[in-house]
Amino acid sequence: MATLMKFTRLALRNLFSKPVTKDYPAVPREYPERTRGSIQINIEDCIFCGSCQRKCPSGAITVDRNARTWSIDRMGCVQCENCKNGCPKHCLTTDVHYSEPDFTKRVDTYTGPAPAAKPEAPAKPKFTPEQIEEMKKAAAAAKKAAEENS
Amino acid sequence: MSTRTIVPFGPQHPVLPEPIHLDLVLEDEKVVDAVPKIGYIHRGLEKLVEKRDFNDYVYVIERTCGICSFMHGMGYVEAVERIFDAEIPDRAKYLRTIWAEMSRIHSHLLWLGLLADGFGFEALFYQCWRMRERVLDMFEESTGGRVIFSVNKIGGVLKDMPADMLARFVNNFNEMEKELRELTNVFLTDFSVETRLRGVGILTRDEAIDLGAAGPMMRASDIAIDTRKLGYAAYEDIDFDIITSKDCDSYARCEVRIGEIFQSIDIIRQAVSKIPDTEISIQIKGNPNGEAFARMEQPRGEAIYYVRGNGTKFLERARVRTPTFTNLTPMLKTLKGADLADVPLLVLTIDPCISCTER
């Protein structure tokens, strides 16, 4: 009989204790800090170098340098953080929340701000006329010295 | 002589989480032969090594399987590190050991649950998976993933576990150990469980050697071989005995796996007490040129990783020999002569991982 009742204590305790499962969605789940939910980008800092696109093992990221867009296939992303670890500008982050479910394969596209127009500086000559004159003299002296030596 | 009937088993079957097909040749209720067929879940992950940078391939190979994912990543990176002759920091080795043992605990708890479900003890199944959930929570807290961990890199690991986290994990495992003693006691001593497991699916010691059994399947047939004793990662510094059983039946396989859960908890405790405070990774420069093997003791048995590089960033070959593949032949041996009603249980006792087998 004793061998038949091994599970009884466990079962009884289970019967009179609170459920182990969480009361989701009434009580939302708290994710640990390190949870790899979804990749987010701070598009202002992105330089569109394409390093993340090359590093992505599932080919989920597409970077268009000319159009200044960064897009991610949410269903294709495997949250390995390889893009984030290789980003030279550290503009990729991981959100603890998973991307929302959808009926279609969603591609999120982010467009960067237009590059700041560079101030039009007047073309400056590389050397001043005095410097050019000095360089000419030095070259002539070197040539003369070389001829004398030979 | 009774007539022979062929009963198809799988690829879809309630006890099978993954697809495998068996043609069972029956004489009345007895199985006289079983012909396996695999290939339902082949994804060509080994071929992908030719198209992915060897550093990024870690994320591909660990997706071979959802249960042994950590060890697949670890086996691959250890093999590549051997090509470079790289000595990785000690802390990384210990962290790998801790995560590997946590994988073993959650894999064995998953298996115990499936076994309980296989012989119709639903309540026990839920209790096992409730315990497993706590291990998965610890994985999520330390690596960020519950199933795929992505913490291995060539030259070390990507994430560190601070001292307070390690202490909390050890506490959790100490608590779990008490509950597990009670839970596993049901498996080992309950009358109805014993009737389903004792004397079912006998694989003798000689048969296990001849047919090349691996892991707990082999150790349950009284063969004391454990690849962890080779001393990869930090296992050199860890003191543990190989768990074996002399019974050679399904009960022995259950007993060995239960023993290994407690052993893993002990290994984690030892590793946490000995973990040194060093860097967690080193920079490895250049591309691999040459070939290397790594052998790992996965929850299901010995896995072998082979990589060959040609000096470019794309490897020429990456090969994984998984334990389930070698365990299929012993499984067929145990099926012969078994009752049809025991077939699901016998298929479960090798702890089949078909995704690993087919890659």
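**Exercise 1.** Is the crossing of α2(B) and α3(B) left-handed or right-handed, and which residues make the contact?

*Solution.* Begin with the geometry of the pair, bearing in mind that this is a predicted model. The axes of helix α2 (residues 69-84) of chain B and helix α3 (residues 90-118) of chain B come within 8 Å and cross at roughly 145°. The crossing of these two helices, α2(B) and α3(B), is left-handed. Next, list the residues on each side: α2(B) contributes F70(B), M71(B) and M74(B) to the contact, while α3(B) contributes R96(B), W99(B), A100(B) and S103(B). Finally, sort the residues of this contact by character, which gives five nonpolar, one polar and one charged.

**Exercise 2.** Determine how strands β1, β2 and β3 of chain B are joined, and describe the turn between β2(B) and β3(B).

*Solution.* Take the pairs one at a time. Strand β1 (residues 4-9) of chain B runs antiparallel to strand β2 (residues 21-27) of chain B, and six bridges join the two; within this pairing, I6(B) has V25(B) of β2(B) opposite to it. The next step leads from β2(B) to strand β3 (residues 30-37) of chain B, where the strands are again antiparallel and are joined by seven bridges. Here L26(B) is found opposite V31(B), a residue of β3(B). The last step is the turn: β2(B) and β3(B) form a hairpin that leaves two residues between the strands, and D28(B), which lies in this turn, has a positive phi of about 55°.

**Exercise 3.** Work out the strand order of the open three-stranded sheet that contains β6(B), and state which helices lie across β6, β7 and β8 of chain B.

*Solution.* The order is β6-β7-β8 in chain B, and the pairing is antiparallel. From this order one turns to the edges, which are β6 (289-298) and β8 (315-321) of chain B, each of them pairing on one side only. Neighbouring strands of the sheet are turned against each other by 10° on average, with direction ignored. For the first pair in the order, 10 bridges join β6(B) to strand β7 (residues 301-310) of chain B, and G290(B) has G309(B) in β7(B) as its bridge partner. It remains to place the helices. One of them is α2(B), which lies across β6, β7 and β8 of chain B and runs at about 145° to β6(B); helix α10 (residues 323-335) of chain B also lies across these strands, running at about 135° to β7(B).

Technical notes:
Residues are numbered from 1 along each chain as its sequence is written. Chains are lettered from A and ligands numbered from 1 in the order in which they are written. This is a predicted model: local features need pLDDT of at least 70, side-chain atom pairs count only at pLDDT 80 or more; totals for chains, interfaces and linings use all residues. Two strands pair if DSSP finds at least two bridges between them. Helices (H or I, at least four residues) and strands (E, at least two) are DSSP runs, numbered from the N terminus. Axes are lines fitted to C-alpha atoms, for helices over the stretch in contact, and angles run from 0 to 180 degrees between N-to-C directions. A crossing is left-handed if the near helix is turned anticlockwise from the far one by less than a right angle, and right-handed if clockwise. Two residues are in contact if their C-beta atoms, placed from the backbone, lie within 7 Å. Ala, Val, Leu, Ile, Met, Phe, Trp, Tyr, Cys and Pro count as nonpolar, Asp, Glu, Lys and Arg as charged, and the others, Gly among them, as polar.
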